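This report describes the strand arrangement, the helix packing and the charged side-chain pairs of one protein chain. The sequence and the structure are shown first.

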Amino acid sequence: METRLPTSDQNFVESLIPQRSPFVMVNSIAEYSETQLVSGFEVKEENIFVQDGIFQASGLVEHQAQSVALHTGYKYYLLGKEAPTGYIGAIKTFEAIQLPKLGDQLTSEVSIINEMMGVTLVDIVTKINDEVIAKSQMKTVVM
């Protein structure tokens, strides 16, 4: 059965990334192309990165990295292959303008700048209600 986008089917989304609960920081895919992905995530109280009702910057970084993994996972899903495991190779820049609160719905836009020999350079912008709250540029590496 093919899953169509957008989707917030948690089981499907989790099948595309190597992380497992309680370390899953993405719960939807709104858009996908070879060079872009839009992911979503709702901040809930039980999240391991929530402290005093605030989603910490470390959680934002992990959400952004998992959004990149989601791009790779969905690409492999479309090819009928199992997605490789990846990791953050380097964080070139990261800026948290605002930290999310409980119940906030994050939307992250991943833009692939360059992909070569398993190393992907990406720009990521995270928003709440169309307001930019975090930006980063990172390299991810697949094994």
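## The hairpin of strands 7 and 8

Strand 7 (119-128) and strand 8 (131-142) run antiparallel and are joined by ten bridges. The model is a predicted one. One of the bridges pairs Ile-128 with Glu-131 in strand 8. The two strands form a hairpin with two residues between them. Asn-129, in the turn of this hairpin, has a positive phi of about 50 degrees.

## The open sheet

Strands 7 and 8 belong to an open sheet of six strands, with antiparallel pairing and the order 1-2-6-7-8-5. The edges are held by strand 1 (28-33) and strand 5 (86-96); each has a single partner strand, so one side of each is left without a neighbour in the sheet. On average, neighbouring strands of this sheet are turned by 20 degrees against each other, direction ignored. In general, the strands of a sheet pair through backbone hydrogen bonds, in either a parallel or an antiparallel manner.

At the edge formed by strand 5, nine bridges connect this strand to strand 8, and the two run antiparallel. Ala-96 has Ala-134 in strand 8 as its bridge partner.

## Strands 1, 2 and 6

At the other edge, strand 1 is joined to strand 2 by five bridges, again with antiparallel direction. A hairpin of two residues leads from strand 1 to strand 2. Ser-33 has Gln-36 in strand 2 as its bridge partner.

Strand 2 (residues 36-42) also runs antiparallel to strand 6, to which seven bridges join it. Gln-36 is paired with Ser-111 of strand 6, and Leu-37 is paired with Val-110 of strand 6. Gln-36 thus takes part in bridges to Ser-33 and to Ser-111. Strand 2 is mostly covered, as five of its seven residues are buried.

## Helix 2 on the sheet

Which strands does helix 2 touch? Helix 2 (residues 57-78) packs on the sheet and touches strand 1, strand 2, strand 5, strand 6, strand 7 and strand 8. The direction of helix 2 makes about 55 degrees with that of strand 8.

## Salt bridges

Side chains of opposite charge can pair when their charged atoms come close. The structure holds three salt bridges. In one of them, Glu-115 pairs with Lys-75, with the closest N and O atoms 3.2 Å apart. Glu-115 lies in strand 6 and Lys-75 in helix 2, so this pair ties together parts that are 40 residues apart in sequence. Glu-115 is partly exposed, with a relative accessible area of 40%. Lys-75, in contrast, counts as buried because its relative accessibility is 18%, and buried means under 20%.

Another salt bridge is formed by the side chains of Glu-95 and Lys-135, at 4.0 Å from N to O. This pair links distant parts of the chain, with Glu-95 in strand 5 and Lys-135 in strand 8, 40 residues apart. Glu-95 counts as partly exposed at 42% relative accessibility, and Lys-135 counts as partly exposed at 39%. A further salt bridge joins Glu-109 to Lys-127, whose closest N and O atoms are 3.3 Å apart. Glu-109 lies in strand 6 and Lys-127 in strand 7, so the pair ties together parts that are 18 residues apart in sequence. Glu-109 counts as partly exposed, with 31% relative accessibility.

## The loop at Met-117

Where is Met-117 placed? Met-117 is found in the loop between strand 6 (105-116) and strand 7 (119-128). Is Met-117 buried or exposed? Met-117 counts as exposed because its relative accessibility is 79%, and the cut-off for exposed is over 50%. The C-alpha atom of Met-117 is separated by 8.8 Å from that of Val-141, and the two residues are 24 residues apart along the chain.

Key:
Residues are numbered from 1 along each chain as its sequence is written. This is a predicted model: local features need pLDDT of at least 70, side-chain atom pairs count only at pLDDT 80 or more; totals for chains, interfaces and linings use all residues. Side-chain values use heavy atoms; hydrogens and water are left out. Helices (H or I, at least four residues) and strands (E, at least two) are DSSP runs, numbered from the N terminus. Buried means under 20% relative accessible area, exposed over 50%, partly exposed in between (1.4 Å probe, protein chains only). Two strands pair if DSSP finds at least two bridges between them. Axes are lines fitted to C-alpha atoms, for helices over the stretch in contact, and angles run from 0 to 180 degrees between N-to-C directions. Contact means heavy atoms within 4.5 Å.
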